[in-house]
Each structure stands twice: as structure tokens, then as C-alpha cells.
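Thanks for coming. I will go through one structure today, and you can follow along on the screen.

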Amino acid sequence: MTAPVFIITDGAVEPADAARSAQPGDVVVLTGSEARHAVTVRRLQPGERVDLVDGAGLRLVGEVSAAQGKDRLAVRVLERVQEPEPAHALVLVQALAKGGRDEQAVETATEVGVGVVVPWQAGRSIAQWKGPKTAKGRERWQATATEAAKQARRAYVPTVSEVMTTAQLAAWVRETTQAGGTVLVLHEEATAPVGGVRLPDGGAIAVVVGPEGGISAEETAALEAAGATTVRLGPHVLRTASAGPVALSVLAQRAGLWG
């Protein structure tokens with residue numbers, strides 16, 4: 001069984017600069033909520049393997065030395081590993097959706113390997129992020145991505161960007177494609193299959209997923225004019241919660257990210 005993963009931050013580990021300085025043989029102490037989960041929920045014991053990650057590619061392969069109270073876990077570092085960034089940055093542009101389906105998409109896409117999540121306030125989105133809901137919605141998505149990254153044993157935690165309007169998304173698409181990236185809009189009426197799209201040698205590979213009511217013709221035209229390519233995922237229509245992760249899985253395999 002793979003070792004459980006816990007995220008270290010400057011405020012939740014001793015010494016505070018452990019992410020930058022810890023070397024094999026050092027003992028670091030995990031504190032706060034992560035340590036509490038390790039001690040009281042996972043009930044980790046001395047000698048058990050754990051991985052401490054910083055969310056940006058650092059993995060401290062370790063072994064539990066001792067549980068100290070209910071919110072402190074001493075870990076002896078066995079190996080320090082800086083995992084390389086993937087050749088392609090997978091991006092999920094997910095329209096806001098009702099019933100938590102958008103968060104489900106974020107969770108599964110994180111397990112697939114997405115690096116950036118862009119919330120999109122699409123024209124047909126029933127869910128709305130306005131006022132205080134904007135910050136709370138982004139925080140909720142980021143928490144979902146963080147927990148999913150830990151479950152998937154990832155050293156990288158996806159970043160959730162600010163919510164975008166269609167106009168802002170079109171500008172982002174133009175910037176991404178001009179930088180050499182590829183942006184694919186999933187649309188049930190498209191004829192080109194997602195598996196046949198030529199992928200770049202490097203850079204971003206982004207998938208745009210609409211809400212329950214689909215992407216409007218105006219939105220599709222705006223994204224295509226900005227440089228996006230409209231593609232069909234398969235013979236069936238997938239829900240907004242599953243379309244993005246399934247497409248990203250196909251693209252990750254094709255790009256060699258799962259090799």
C-alpha cells in the first residue's frame with residue numbers, strides 16, 4: 001500500500017522552513033490539522049511510512065518517529081524528492097453547475113492529474129458566484145482539489161483560479177493558444193474527436209466543459225474565435241461532472257503523462 005500524504009506549510013511544521021531545508025536523517029514535526037488527522041484519525045504508529053509534500057512538487061519520504069499528543073507527529077526524513085513538473089500542464093475549465101457536480105469534476109480531475117482549474121460563470125450556469133459566494137466558492141473548490149491531491153498521493157496540488165466570465169475566458173484562451181497551448185471545447189455537436197486532435201510538444205492542454213444546459217452558440221463562437229477547437233468526446237453525452245475528467249484522461253494518456 002502506498003504511504004499516506006500530508007501537506008506541510010510554514011505554519012504547520014517544525015522547523016518552519018522544513019520544506020526548504022529538511023534532509024535525509026532530519027526529524028520534522030507535523031502540526032495542526034494535518035497532524036491531528038494523522039494521529040487521531042489515521043492513528044499512525046512509529047515505523048509507519050508517510051510522505052510529506054508541499055503541494056509544489058516536493059516530497060519528503062518519511063517514517064513516523066512518534067505521535068506527540070493529539071496534534072503533533074514527528075517524522076524522520078528518509079529521502080528528499082523534487083518531482084519534475086509534467087511536460088504538459090493539464091487545465092480544466094469547468095462551468096459552475098448545481099448539485100455539487102462541478103466540485104465532483106474538480107475532485108476527479110485532480111485524481112487524473114490536472115494542474116489548474118478555472119471556474120467559469122457560463123451563460124447557462126444555474127449556479128451563480130456573486131458577492132461573498134465568489135470567494136467561498138473558490139475556497140471550496142480549492143479545498144476539494146487539495147483533499148483529492150492527498151488521496152491521489154500527489155506532490156502537486158492543483159491551483160484554482162479566479163472565476164471567469166465568458167469574455168475573460170475568451171481572452172484567456174487567446175493568451176493560452178498564442179503561447180503554444182491547446183484549448184479544447186467539449187461539444188456534443190462537434191465532429192472532430194478529442195482523440196484525433198494534434199497535441200503540442202509542451203505547454204498547456206485545456207478542456208472547457210459547459211454547464212448542465214450546455215454551451216451556447218454565442219459562447220462557442222467566441223471561444224473558437226479566440227483559438228479554441230471544438231471537439232466531441234465520444235458517442236454519448238456525458239454529464240458536466242464526468243466530461244472533463246474523462247477527456248483529460250484521454251489527453252493525459254495521449255500526451256504520455258501516464259507513461
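I will start with a term: a salt bridge here is a side-chain nitrogen of Lys or Arg within 4 Å of a carboxyl oxygen of Asp or Glu. By that rule, Glu147 and Lys150 form one, with N and O 3.4 Å apart. Please keep in mind that this is a predicted model.

Let me stay with that pair for a moment. Both residues belong to helix α4, where they are 3 residues apart, about one turn of the helix. Are the two partners buried or exposed? Glu147 counts as partly exposed, because its relative accessibility is 47%. Lys150 is buried, because its relative accessible area is 11%, and the cut-off for buried is under 20%.

How many salt bridges are there in the whole structure? The search finds 9. As general background, side chains of opposite charge can pair when their charged atoms come close.

A second one joins Arg49 and Asp51, whose closest N and O atoms are 2.8 Å apart. Arg49 is partly exposed, with a relative accessible area of 37%, whereas Asp51 is buried at 6%. This pair is part of something wider: Arg49, Asp51, Arg59 and Glu83 are linked in a network of salt bridges.

The third one I want to show is between the side chains of Glu162 and Arg138, at 2.7 Å from N to O. Glu162 sits in the loop between β9 and α5, and Arg138 sits in helix α4, so this salt bridge ties together parts that are 24 residues apart in sequence. Both partners are partly exposed: Glu162 has a relative accessibility of 48%, and Arg138 has a relative accessible area of 29%.

Glu162 deserves another look. Leaving out residues up to four places away in sequence, Glu162 touches Pro119 and Arg138. There is also a C-alpha separation of 8.6 Å between Glu162 and Ala135, which are 27 residues apart along the chain. The loop that holds Glu162 runs from β9 to α5, and α5 covers residues 166-178.

Now the sheet. In what order do the strands of the open sheet run? The order is β9-β8-β7-β11-β10-β12, which is 6 strands, and the pairing is parallel. At the edges are β9, residues 159-160, and β12, residues 229-231, each of which pairs on one side only.

Inside the sheet, take β7 and β8 as an example. Strand β7 spans residues 88-95 and strand β8 spans residues 116-120, and the two pair in the parallel sense over 5 bridges. Within that pairing, Gln94 stands opposite Pro119 in β8. That is the Pro119 touched by Glu162.

Which helix lies across β7, β10 and β11? That is α7, and its direction is about 155° to β11. For orientation on the screen, β10 is 182-186 and β11 is 203-209.

Helix α7 covers residues 240-254, and Val250 is found in this helix. Together with Leu238 and Val246, Val250 forms a nonpolar patch on the surface, with about 190 Å² of accessible area for the three together. Val250 is partly exposed, with a relative accessible area of 32%. That value qualifies for a patch, because patch residues need over 30% relative accessible area.

Last, some backbone details. Which peptide bond is cis? The bond from Glu14 to Pro15 is cis, with omega near 0°. Pro15 lies in the loop between β2, residues 13-14, and α1, residues 18-21.

Two arginines have positive phi. For Arg43, phi is near 50°, and this residue is not a glycine. Arg43 is in the loop between α2, residues 32-41, and β4, residues 49-53. Arg43 is exposed, because its relative accessible area is 58%.

The other is Arg153, also not a glycine, with a positive phi of about 65°. Arg153 is in the loop between α4, residues 132-151, and β9. With a relative accessible area of 21%, Arg153 is partly exposed.

To recap the thread through the talk: Glu162 contacts Pro119 and Arg138, and the Glu162 to Arg138 contact includes a salt bridge. I will stop there and take questions.

Conventions: Residues numbered from 1 in each chain as written. Predicted model: local features only at pLDDT ≥ 70, side-chain atom pairs only at ≥ 80, totals over all residues. Heavy atoms only, no water. Patch = residues over 30% accessible without salt bridge, like charges linked within 9 Å, V, L, I, M, F, W, Y side chains within 5 Å. Areas by Shrake-Rupley, 256 points an atom, 1.4 Å probe, with all protein chains shown as cover. Helix = DSSP H or I, 4+ residues; strand = E, 2+ residues; numbered from the N terminus. Buried < 20%, exposed > 50% of the residue type's maximum accessible area, 1.4 Å probe, protein only. Pairing = 2+ DSSP bridges. Contact = heavy atoms within 4.5 Å. Axes fitted to C-alpha atoms, helices over the stretch in contact; angles between N-to-C directions.
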